[in-house]
Amino acid sequence: MDIHQLQQIVHKTRDARRKQTLPKCSPAERDTLIKKYHPDFRESAYRAIKFGPNKGEMTVRELASLLEGDSLVPPDLDLTPAYSVDVLVVGGGGAGCAAALHAHAHGAKVLLATKLRLGDSNTVMAQGGMQVAITHEDSPVQHFLDTLKGGHMKNDHNLLRVMVDEGPSIAKWLLELGVLFDRDTDGNLHVKKGGGSSKPRLLTCSDYTGLEIMRVLNDEVLNQKIQLLEFCAAVELLSDDKGTCTGAILRDLDNKRYVVVAAKTVILATGGIGRLHIQGYPTSNHYGATGDGLAMAYRMGAKLLQIDTFQYHPSGAAYPEQLVGALVTEGIRSEGGHLVNAKGERFVNELDTRDVVSSSIIKECEEGRGIRTMSGRVGVWLDTPLLEVEQGPGTLEKHFPAMVRQYQRYSIDIAKDPVLIYPTLHYQNGGVQIDVNGESGVKNLFVAGETSGGLHGRNRLMGNSLLDLMVFGKRSGSTAAGRAMSLPQGKLTLGHVTRFRAEAKKHSASADVTSPLLFPAYAKKE
Amino acid sequence: MAEFDTQNVIDQEEVLRPKMVTVEIAGKTYQVPEGITVIKALWYTGQEVIRGAGCLGGFCGACATYYRTKDDPKVRTCLACQTAVEDGMSFSMVPPFPARKATYQMSELKDPKQDLFTLYPEAPLCRNCNACTEACPQQIDVREGVWRAVFGDFKAVSEMFMNCVMCGLCVPVCIADIAPNLVALYASRAQGVFFAEKPERLEHRIKEIADGRYEDEWKRILSMDEQQLKDACAELK
């Protein structure tokens, strides 16, 4: 059927839907729904990890094989360092830049290495905003409880308390760098309400929050003249004879040479795993989101947490084909946009947590109330024109210019017509276990941002990622710098790789998988 | 599910009749499916892309591309991850351009509107050719932005350039060697650092936390057992 014909039901039912209020799921309803429909509970997609610190624990097959994968580095590689620094930061997204800036501010000699360009990351795409409890009716404690509730009570309390307590001061740091958060008329920071949150506390820069933060941090990294290696991917860590982290091996992607870095401390800020396309899902993630940090940290003996749970963002584009997987900002739902099935019905409180909303969409589609595309996809409508009806013409252009443009390129006017959406692989909820200063179980190996785990429990709340990056970027950067200043450079060996290879052999791990993956294999082979 | 099979399926011409189109990539001719994005066309033709792929969502500016449509002499710009190919299209990704970025310690600037002329002395030399505006894939009025920066209207610049993805396509076309995106970034940051109001509510909250205003509540919450915490969470609206 013609798409406009199918959209009629959304237009026809709009007025009736506006009068409706849907309750949020009770904890019991939520458990039942998620266990039945959330991809995290699809057993066939999982297997036990054969060896290493998380031996016997379940994770998705795509990740398990990478964790057990062989190192790319030949055992006889010359380990003479090309660089010798206090702090090596791996990754040039939000967490990496924040870590590098804070380490630099503490007087450390910092090297920032990144697989792509500085700033090519998931951070740059964050549209929803950053959660900080600043209003009178809100508090860090409220923020803590909301996050805990969203994370199914599985969040690390210490990490979480640190994040919410330091939110306001990290927002101030960003303002002092020139980040232009949206303001109220009285000059205060404007706050928006986010999915799963009891109070409005999202700081935003229209729907370009991540872009604005990333632009400013990039610029500051360059202004501070922090040594930078772009298109240099970390492929292995280095350890001394006690198993302490002492540096890393990079691969220069232009000339394919290995670059050995001696570093007193290493901060992994390599981001998430979307480009592994777990369970065949499309992803909202950037090109380099292949879980590199997880693989490297695991090989060195760092324990991972909650790597059996991933976030499928409720609103990934399902049509047109060119946009499949791309994120449709949660802001639309925060501002009152309805999710509507093929019968013109709402089926979930749109501001419930992401796992609930995603599971509900999957449920509607599995039960035959979805809208299908000829390329074999399925989805439900997100009623974008409703915002224009509720808040006046021009609302979308004013508040969601990025999204308007995203669809305009394919001749779709979101002010007039609803868009088709389906969950998209968005975020790795777990990751490397860290303490409140970002240090992993391996001494002098720090992890910040999406690569780390524990903070978000089993479901990250909207707007908590940008805050996580800034707070734990800062803490890992500052701690690593402080540590490095009084530390001699340790020996550079591949002892942990030798041990890992022996283990792999014992457990007959597949020898043809190497990790980190670095990039998805999109280039078509003949 | 069967009952919806014919009812709720969106027609897609491209799926009904998959059509191959001829495109020219960096001077070579290839056949690719119509309507895929420029970056996917590169992958489709077997090319690995490292420099030139980033967020794939239209935000990072890594995939700046020049293209031309069939029989049109006009060379246009786009982001490769956001543009669909069409028959007869020619395109090449843009290599990194060695623009000069001024470095500055933001907090140490004394008169940021005047300092612009020290940091970017070329900024006021704009000759109004408008090539930068035409080159912008984000539809920013770049030329106007440069002039606003020069006249000290940093607020306007910051608003105009909020959606700048720093692809740098405005830079190589400038006959006055201005890097408009960098000028705008400087002006926007200066606007935030020097000319934005101090948010009182935020300051107040920072002080409250430092003064231990929430300590009692923290003690209460953190001493709860799991069930009590669950109950506390369940009360949240």
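**Chain B: its open sheet and its contact with chain A**

Val23(B) stands opposite Tyr30(B), a residue of strand 3 of chain B. The model discussed here is predicted. Strand 3 of chain B belongs to an open sheet of five strands, and chain B also makes a contact with chain A that takes 72 residues from chain B and 76 residues from chain A.

**The open sheet of chain B**

- The five strands of this sheet follow the order 3-2-6-4-5, and their pairing is mixed.
- Strand 3 (28-33) and strand 5 (76-79) of chain B each have a single partner strand and stand at the edges, so one side of each lacks a neighbour in the sheet.
- From one strand to the next, the twist averages 35 degrees.
- Six bridges link strand 2 (residues 20-25) of chain B to strand 3 of chain B, in the antiparallel sense.

**The side of chain B that touches chain A**

- The contact draws 72 residues from chain B and 76 residues from chain A.
- Several elements of chain B each supply at least two residues to this side, among them strand 1 (9-10), helix 1 (13-16), helix 2 (38-44) and helix 10 (226-234).
- Helix 7 of chain B gives the most, with seven residues.
- Sorted by class, this side of chain B comprises 39 nonpolar, 18 polar and 15 charged residues.

**Strand pairing between the chains**

- Strand 16 (residues 371-373) of chain A and strand 1 of chain B run parallel and are joined by two bridges.
- Within strand 1 of chain B, Ile10(B) stands opposite Thr373(A).

Methods: Residues are numbered from 1 along each chain as its sequence is written. Chains are lettered from A and ligands numbered from 1 in the order in which they are written. This is a predicted model: local features need pLDDT of at least 70, side-chain atom pairs count only at pLDDT 80 or more; totals for chains, interfaces and linings use all residues. Two strands pair if DSSP finds at least two bridges between them. Helices (H or I, at least four residues) and strands (E, at least two) are DSSP runs, numbered from the N terminus. Axes are lines fitted to C-alpha atoms, for helices over the stretch in contact, and angles run from 0 to 180 degrees between N-to-C directions. Two residues are in contact if their C-beta atoms, placed from the backbone, lie within 7 Å. Ala, Val, Leu, Ile, Met, Phe, Trp, Tyr, Cys and Pro count as nonpolar, Asp, Glu, Lys and Arg as charged, and the others, Gly among them, as polar.
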